[in-house]
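Open the model in your viewer and set the display to cartoon. The stops below run from the whole chain down to single residues.

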Amino acid sequence: MEFEIMNIRKILILSIFLLSVNLFGTDLRFSHIGSVHGLPNQQVESLVEDHDGNIWIATRNGLCRYDGYEILTYYHQAEDPSTIGSSFIHALHVDIEGRLWASTEAGISMFRSASNDFRNYNTNGVCKYIAEDKEGRII
């Protein structure tokens with residue numbers, strides 16, 4: 001008797017799960033984006049979603065912000081210190097405060113959304129990884 005109740009519970013839970021997948025899973029759509037859509041390089045190094053729902057794409061030739069409709073690419077420009085530190089981006093991170101950080105060939109860059117530019121931090125060379133500690137410090 002106890003074995004039958006266990007099986008009925010398992011079947012009921014599985015049925016509810018499958019029903020919810022059928023009801024809610026049908027709205028999922030995936031789109032491939034590439035150079036014809038504005039992606040500057042097919043070699044994607046990192047992806048992250050910010051608190052506004054934008055997808056940030058780190059490539060070997062620019063940092064892209066994808067809002068679901070179009071791609072805006074940020075490039076390093078040597079004459080402008082408020083551009084990203086390098087166009088070769090290795091990794092991305094959104095910190096606890098919602099700020100976007102990028103590790104690049106020239107150090108770390110933080111995106112400043114209010115001014116739509118970057119603050120760059122020199123790490124004396126290539127920075128391939130980026131993380132945040134428990135106190136919210138970028139390491």
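How many helices and strands does the secondary structure of the protein chain come to? This is a predicted model, and its chain has 1 helix and 8 strands. Colour by secondary structure and follow the sequence: the pattern reads α-β-β-β-β-β-β-β-β.

**Whole chain**

Switch to a surface. The protein chain exposes about 9,800 Å², and carbon and sulfur atoms supply 55% of that area. Of its 139 residues, 31% count as buried. For a contact map, take the contacts with a separation of 6 or more: residues 24 or more positions apart account for 37% of them.

**Stop 1: the loop between α1 and β1**

Select α1, residues 2-24, then move on to glycine 34, which is in the loop between α1 and β1. Is glycine 34 buried or exposed? Glycine 34 has a relative accessible area of 5%, which is under the 20% limit, so it counts as buried. Leaving aside neighbours within four places in sequence, glycine 34 is in contact with Leu39 and Gln42.

**Stop 2: the sheet β1-β2-β3-β4**

Now select β1 to β4. These 4 strands form an open sheet in the order β1-β2-β3-β4, and the pairing is antiparallel. β1 and β4 are at the edges with a single partner strand each, so one side of each has no neighbour in the sheet. On average, neighbouring strands here are turned by 20° against each other, direction ignored.

Start at the β1 edge. β1 and β2 run antiparallel and are joined by 5 bridges. To find one of the bridge pairs, pick leucine 47, whose partner in β2 is isoleucine 57.

Next, go to the loop between β1 (44-49) and β2 (55-59), where asparagine 54 is found. Asparagine 54 has a relative accessible area of 15% and is therefore buried, the cut-off being 20%. Which residues does asparagine 54 touch, not counting those up to four places away in sequence? They are Val48, Glu49, Arg65, Tyr66 and Asp67.

Cross to the other edge of the sheet. Strand β3 (residues 62-66) pairs with strand β4 (residues 71-74) in the antiparallel sense over 4 bridges. Within this pair, cysteine 64 stands opposite threonine 73 in β4. The two strands form a hairpin with 4 residues between them. Select glycine 68 in the turn and check its backbone torsions: its phi is positive, about 100°.

**Stop 3: the nonpolar cores**

Show side chains as sticks. In soluble globular proteins, nonpolar side chains tend to be buried together. The largest nonpolar core here has 13 residues, of which Trp56, Leu63, Ile89, Leu92 and Leu100 touch the most other members. Which elements give two or more residues to this core? They are β2, β5 (89-94) and β6 (100-104). β5 gives the most, with 3 residues.

Centre the view on leucine 63. Not counting residues up to four places away in sequence, leucine 63 touches Trp56, Ile57, Ala58, Leu72, Thr73, Tyr74, Ile84, Ile89, Leu92, Leu100 and Phe118. A second, separate core has 6 residues, among them Ala91, Ile108, Met110 and Cys127.

**Stop 4: the sheet β5-β6-β7-β8**

Select β5 to β8. Another open sheet of 4 strands has the order β5-β6-β7-β8, with antiparallel pairing. Its edge strands are β5 and β8 (117-121), each pairing on one side only. Neighbouring strands in this sheet are turned by 25° against each other on average, direction ignored.

Inside the sheet, look at β6 and β7, which run antiparallel and are joined by 4 bridges. Tryptophan 101 has methionine 110 in β7 as its bridge partner.

**Stop 5: serine 109**

Stay in strand β7 (residues 107-112) and select serine 109. With a relative accessible area of 1%, serine 109 is buried. What lies 3.0 Å from a polar atom of the side chain of serine 109? Draw a distance to the backbone nitrogen of glycine 85 to see that pair. Glycine 85 is also among the residues that serine 109 touches, not counting those up to four places away in sequence. The rest of that list is Ile84, Leu100, Trp101, Ala102, Thr104, Phe118, Arg119 and Asn120.

Methods. Residues are numbered from 1 along each chain as its sequence is written. This is a predicted model: local features need pLDDT of at least 70, side-chain atom pairs count only at pLDDT 80 or more; totals for chains, interfaces and linings use all residues. Side-chain values use heavy atoms; hydrogens and water are left out. Buried means under 20% relative accessible area, exposed over 50%, partly exposed in between (1.4 Å probe, protein chains only). Contact means heavy atoms within 4.5 Å. Accessible areas come from the Shrake-Rupley method with a 1.4 Å probe; for residues, only the protein chains shown count as cover. A nonpolar core is a set of buried Ala, Val, Leu, Ile, Met, Phe, Trp, Tyr and Cys residues joined through side-chain atoms within 4.5 Å. Two strands pair if DSSP finds at least two bridges between them. Axes are lines fitted to C-alpha atoms, for helices over the stretch in contact, and angles run from 0 to 180 degrees between N-to-C directions. A polar contact is a pair of N or O atoms within 3.5 Å; within protein, one must be able to donate a hydrogen and the other to accept it, and residues adjacent in sequence count only if both atoms are side-chain atoms.
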